[in-house]
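Where does a protein model leave empty space inside, and what does its surface show? Look at the sequence and the model first.

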Amino acid sequence: MGSKLNLTESERLSLWDETRIKLLIPTTVFLILCAVVGVFGNGVVIYIYGLRLPKKYEGRYFIPYLALADLFAVVISVELHTVNNFFPVTYKMETLCKWNFVFGFFASGFASNILLIIAVQRYLKVCKPLGGQMTLFWRRFSLCLTFVLLSILIVPTYFTFGIERVYNKELNVNGTACRRLTSSTPTLSLIRSVTYTLIILIGVIVLIVLYILIAKVIYQQHNQNRGDSKKKKTNISLMFMIITIIFLVLCLPRMITSVLEGNNTGFWETLNVEEYAAMRVLQVVYILNHVANPFVYAFLDVKFKTEFKQTFMCRN
């Protein structure tokens, strides 16, 4: 301990930074793998659903837009967290930090809102087949409305994320990290956090209620051995239900770390080495949500699987 304090301030800061960089190597490798798989997988989804499958498959209308949001979210999120991993306590690029968080939250929010729109569409299709359906106009309108509302809601993020001063008590040195500004803008950060949390909870409740109603109808139709058209609707609904469940499960760790970070100024500096590494994993595992969807389509959507084989696999 004494030998560390004999180092210059610059040397102590470098020691702190290098220690965390080494600690975050597994997380960095995980992020790079997510980038490779996510970009390829979502790129394939955009190509097949957007260009290869006929437009008549309206049940799959939102998939290319969801894949585009997932692709954007993967690229921004991986870049954000990878740069953070390389400069854990010596981050200096404030503009990059702020806009990474803005675009990252926007892309993730857009993807989650598309899942909500899809849930409404599936509810109308499965539970209210004889009632009004989501026409092409309303599908386009819902995407445009989501874009506008998110653009407004995301504004506080620019002011509540940035370069935060951090302190290492053991080394008696100050550093800078790219994260939520819990010390410099506590009130605005709290208001933003509470508002976003309420919106997320409302969205989660709506998703759960809609898919419970959908699952109930699917169960009844299964017992009645309905025809092929009903089975196709059921398969598509089950596919989106699984995607939504994956989304809810993988976003939970991020919400936990966000709440802990927001309620405790200097939260990350209170953690020991093992706790810090574990919390960083929990903080980034949500990225799998933007990587997993192509695998769900490959397993559950016969048309996607067939088109993928015809497009990318060698034929004798």
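This report covers the cavities, then a patch on the surface.

## Cavities

This model is predicted. How many cavities of 30 Å³ or more does it hold? There are 3. The largest has a volume of about 40 Å³.

Rolling a probe the size of a water molecule over the atoms reveals where empty space remains.

## Lining of the largest cavity

Which residues line the largest cavity? They are Ser77, Leu80, Asn100, Phe101, Gly104, Phe105, Ser108, Arg254 and Tyr286. By type, the lining has 4 nonpolar residues, 4 polar ones and 1 charged one.

Two helices each supply at least two of these residues: helix 4, spanning 63–86, and helix 5, spanning 94–127. Helix 5 gives the most, with 5 residues.

## A nonpolar surface patch

Now turn to the surface. Ile32, Val36, Val37, Ile242, Phe295, Phe299 and Leu300 make a nonpolar patch there. The patch covers about 650 Å². Which elements give two or more residues to the patch? They are helix 3 (25–52) and helix 11 (289–300).

## One residue in the patch

Take Phe299, one of the patch residues. Phe299 sits in helix 11. Is Phe299 buried or exposed? Its relative accessible area is 66%. The cut-off for exposed is over 50%, so Phe299 counts as exposed.

How values were computed: Residues are numbered from 1 along each chain as its sequence is written. This is a predicted model: local features need pLDDT of at least 70, side-chain atom pairs count only at pLDDT 80 or more; totals for chains, interfaces and linings use all residues. Side-chain values use heavy atoms; hydrogens and water are left out. On a 1 Å grid over the protein atoms alone, a cavity is a set of points where a 1.4 Å probe fits but cannot get out, and a pocket is an open set with protein on both sides within 12 Å along at least five of seven lines; lining residues have an atom within 4 Å of a point. Grid points are joined across faces, edges and corners, and a volume is the space filled by probe spheres set on the points. Helices (H or I, at least four residues) and strands (E, at least two) are DSSP runs, numbered from the N terminus. Ala, Val, Leu, Ile, Met, Phe, Trp, Tyr, Cys and Pro count as nonpolar, Asp, Glu, Lys and Arg as charged, and the others, Gly among them, as polar. Patches are made of residues with over 30% relative accessible area and no salt bridge: like charges are joined within 9 Å, nonpolar side chains (Val, Leu, Ile, Met, Phe, Trp, Tyr) within 5 Å. Accessible areas come from the Shrake-Rupley method with a 1.4 Å probe; for residues, only the protein chains shown count as cover. A salt bridge is a side-chain nitrogen of Lys or Arg within 4 Å of a carboxyl oxygen of Asp or Glu. Buried means under 20% relative accessible area, exposed over 50%, partly exposed in between (1.4 Å probe, protein chains only).
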